[in-house]
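Visitor: I would like a close look at one part of this structure, namely its salt bridges. Please take me through them and show how they sit in the chain.

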Amino acid sequence: MGTPSASRRIELSQALPASSADAWATLTDLEGWPRWGRLVTAAQGELIPGAVWRMTLRGVGGGPPRTMRPTLLRVEAPSVLEFETRIGAAWVARMTHAFALEATGPDSCVLRQSFAITGLLVAPLWRWLEPGMRQFDALGQDLARALAEATAPPSSPPRAPAGAE
């Protein structure tokens with residue numbers, strides 16, 4: 001008789017004020033994530049399926065930072081990026097995290113993040129795993145802010161006060 005395995009899913013979405021091509025360029029610049037986001041403090045890796053990334057995330061609720069080494073599973077430019085992280089063997093705990101960009105207009109798109117986690121440790125660790133996955137909502141919000149700032153028109157130079165010539 002086998003040991004029961006559990007599974008859970010989380011879906012997050014964020015409207016982005018940029019084309020999917022512009023969002024893709026920012027999203028796939030891993031080393032840029034710490035510049036525009038508050039979640040990831042360091043990131044590096046290649047956009048090649050099978051590549052192992054190195055990411056350091058801020059701790060949940062002010063906890064200590066944690067380093068992850070996800071493996072890139074799929075790259076479908078300019079719309080899908082998917083990777084997996086494991087705790088031990090895949091049957092212990094395996095999480096996939098996918099980013100999908102969907103155009104909603106010429107200068108807008110939606111970022112959809114989906115998490116699927118399966119394995120023996122999912123049920124007992126869920127109260128710790130879920131907040132860790134949900135914190136990626138901040139990544140979507142920060143990406144939206146960074147893209148809005150990048151596409152904002154330049155501000156006008158300050159005017160000289162009246163009579164100051």
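Guide: What follows goes from the chain as a whole to some of its salt bridges, and then to one helix. The model is a predicted one.

Start with the overall layout. The chain has four helices and eight strands. Along the sequence, their order is β-α-α-β-β-β-β-β-β-β-α-α. There are 165 residues, and buried ones make up 40% of them. The exposed surface of the chain is about 9400 Å², with carbon and sulfur atoms supplying 55% of it. Of the contacts between residues at least 6 apart in sequence, 51% join residues at least 24 apart.

Now the charged pairs. Side chains of opposite charge can pair when their charged atoms come close. Here the count comes to 11 salt bridges. Three of these pairs can be looked at one by one.

One pair is E11 and R9, whose side chains meet with 2.8 Å from N to O. R9 counts as exposed because its relative accessibility is 56%, and the cut-off for exposed is over 50%.

Another pair is D29 and R35, where the distance from N to O is 3.3 Å. R35, at 65% relative accessibility, is over the 50% cut-off and therefore counts as exposed. D29 has 34%, which lies between the cut-offs of 20% and 50%, so D29 counts as partly exposed.

A further salt bridge links E82 with R74, and their closest N and O atoms are 3.0 Å apart. E82 has a relative accessible area of 17%; this is under 20%, so E82 is buried. R74, its partner, has 33% and is therefore partly exposed. Turning from single pairs to a group, R38, D142, R145 and E149 are joined into one network by salt bridges that share partners.

Part of that network leads to a helix. Helix α4 covers residues 136–151, which is 16 residues. From its first C-alpha to its last, α4 reaches 23 Å, close to the 22 Å expected at 1.5 Å a residue. Several residues of α4 are buried, including F136, L139, L143 and L147. A138, G140, A144 and A146 are buried in α4 as well. D142 is also among the buried residues of this helix, and D142 is one of the residues in the salt-bridge network.

Notes: Residues numbered from 1 in each chain as written. Predicted model: local features only at pLDDT ≥ 70, side-chain atom pairs only at ≥ 80, totals over all residues. Heavy atoms only, no water. Salt bridge = Lys/Arg side-chain N within 4 Å of Asp/Glu carboxyl O. Buried < 20%, exposed > 50% of the residue type's maximum accessible area, 1.4 Å probe, protein only. Helix = DSSP H or I, 4+ residues; strand = E, 2+ residues; numbered from the N terminus. Expected span 1.5 Å × (residues − 1). Contact = heavy atoms within 4.5 Å. Areas by Shrake-Rupley, 256 points an atom, 1.4 Å probe, with all protein chains shown as cover.
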